[in-house]
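I opened this entry to keep track of what I looked up. My list covers strand pairing, burial and confidence.

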Amino acid sequence: MAGIACVNAQQPELNAPDLVVINGKVLTLDERSTVTEAVAVADGKIMATGPSASIKSLAGPRTRVIDVSGKTVIPGLIDTHAHFKAAGLADYVVLMGRAKTVAEALGAIKAFAAKKKPGEWIIGGAWHPPSQLAEKRYLTRQEIDSVAPDNPVYLRTVGHFSMANTMALQRVGIDKTTEDPSGGKFERDAAGELTGLLVETAIDRVEKAVPPWTEDDEIRQFAIAEGVLNSFGITSVVEGATEARDIRTLRKLVASGKATLRTGAMFRPEPPADLNAWEAIIAGNGVASGFGDDWLKFAGIKIFYDGGMTLKTALIRDVYPDSHDNYHGIAQQTPERLKQLISICNRYDWRVGVHVVGDLGIDQVLDAFEAVDKEKSIRDRRFVLIHASLIRPEQMERAQKLGVRIDFQNVFMWDKAATVERFLGKSTADRAVPTRTLIEKMGLDNLGAGTDFPVNPINPFLNMYIMVTRKDPSGNVYGAAEAVTREQALRLYSSAASRYTFDEERKGTLEPGKLADIVVLSADYTAVPEEQIKDIKADMTLVGGKVVFQR
């Protein structure tokens, strides 16, 4: 009898939560948009939510109690499109993101070159010269040569344009006689000399010559990057174009027990010319979308189709305003080849996400989706239009009928709206990323918000601010009618975003049974003046009930 009494006495301790967060304003984002005060966590999952007194009463002697003193608590944020490794590259590449002039950009390269031995590669971090620099242009190879004459220099931008100096071009055998590749070009000046600018598929020639990082370097880069995203309240991310090498590195980070960010990988093998070779890649070792676990899983296959608005390479229905040759943008393959690539993916149960920005490009991607749907239904597979910045209402309806998701990035219009206006006109800039119409036509759950970092800032609260206000840094409003509510913006980062990886039953809201991914905010997201939304910070981030960041 004494033994039975002892077991009963221990029972509350055995069922006690590992952690309770109390005295907060907890936005659960459940179906009723319940706001409560506290959360209990056990074994990495949410055990209960409710009033602070009730939740605190569940605590045992070993329960950690975090009193947030009235602060707002939200589900862990999910960025549905980022290239987040870039957040861990500060020690490895020239950071170009702060350069405001050509002189500043060259100064950054010169300072970095001073730490390198002659002949060593110098790589630049992602940046956007046309909108970032006062001169609104790219650097020339001659300018780069002037500050780094003894090193091959390769400067990435946003994935569609890169710059290389003379030594880098020489390393890969590119000179003024080199023919442009299909779908790209080596830019030349009026005299036929190479400027060093590489466009679209021409990038690959130099990109593939850049020496890879060591395995230890890459693990460290990803570990740093995960910590950076955690500092913004981000607990999950869809990695927008993942190479096989990066998937191996992320797997090792997870296996080490040091991962602090849940990753859905959009696997991006480079499509070979031969479709049989593409099929061999896609058939692979038998895995498909969804393979993996809560820390790392395959989200789908990523395919590029067109370019971008500020690059004048988005594929649009109307002729570009300053065009004299009926120019509509660039497609990286024919519509027929796109359909063939997607069809093979679909055959092997891979969900496909296509990078497409312009409305003409969206027409053609939807044509391909509709064609492969007739071969094998995609309607419950959540194929994705990635970006779709210039999508039209009738295209939204086509996508909705197919069960296709749209994952967009309002933050692109933060520092680039004026460039979009300059290249495409004010009316086009106003209708870019039409968030409110997307919600009305497609429903919130078929959408998600991301950043496309490092093309744009990773800060989710800046992104939400732009969704709510449609303002750029100067206070100019683009497309006021497309503004959304604060709750809608937050759901695009949480409950709706979780559906990208079919994880709506696992995360995205603060409800019992879901993963304990939780963020404590510096200010009340629901109540601060609109202008202060962008200034909100994560004071504490928990992933699986463990504190991974604390300010």
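**Strand β21 and its partners.** I started with strand β22 (residues 538–543): 4 bridges join this strand to β21, and the two run antiparallel. The model is a predicted one. I then picked out one residue pair: I518 has L542 in β22 as its bridge partner.

Next I looked for pairing with strand β7 (residues 72–75). β7 and β21 are also antiparallel, over 3 bridges. Here I noted that P75 is bridged to I518 in β21. I518 thus turns up twice in my notes, with P75 and with L542.

Which residues of β21 are buried on each side? I found I518 and V520 on one side, V519 and L521 on the other, all of them buried. Both faces of β21 are therefore covered. I wrote the general rule beside this: in a regular strand, side chains alternate between the two faces of the sheet.

**Confidence.** I checked how far to trust the chain. Its average pLDDT is 95, and 97% of the residues score at least 70. Which elements have the lowest and the highest mean pLDDT? Helix α1 (residues 2–14) is lowest at 39, and strand β21 (residues 518–521) is highest at 99. I also followed the start of the chain. Over residues 1–12 pLDDT stays under 50, and the model has 0 contacts there beyond four places in sequence.

**A four-stranded sheet.** I traced an open sheet of 4 strands and wrote down its order, β5-β4-β1-β6, with mixed pairing. β5 (45–50) and β6 (64–67) are the edge strands, each pairing on one side only. From one strand to the next, I noted an average twist of 15 degrees.

Inside this sheet I looked up one pair of strands. Strand β1 (residues 19–22) and strand β4 (residues 38–42) pair in the antiparallel sense, over 3 bridges. V20 stands opposite A40 in β4.

**S343.** Last, I turned to a single residue. S343 sits in helix α11 (residues 335–347). Is S343 buried or exposed? Its relative accessible area is 9%, so S343 counts as buried, the cut-off being under 20%. I then listed its contacts, leaving aside neighbours within four places in sequence: S343 touches V372 and E375. For a distance check I took L198, 145 residues from S343 along the chain. The C-alpha atoms of S343 and L198 are separated by 30 Å.

Methods
Residues are numbered from 1 along each chain as its sequence is written. This is a predicted model: local features need pLDDT of at least 70, side-chain atom pairs count only at pLDDT 80 or more; totals for chains, interfaces and linings use all residues. Side-chain values use heavy atoms; hydrogens and water are left out. pLDDT is the predictor's confidence in each residue, from 0 to 100. Contact means heavy atoms within 4.5 Å. Two strands pair if DSSP finds at least two bridges between them. Axes are lines fitted to C-alpha atoms, for helices over the stretch in contact, and angles run from 0 to 180 degrees between N-to-C directions. Buried means under 20% relative accessible area, exposed over 50%, partly exposed in between (1.4 Å probe, protein chains only).
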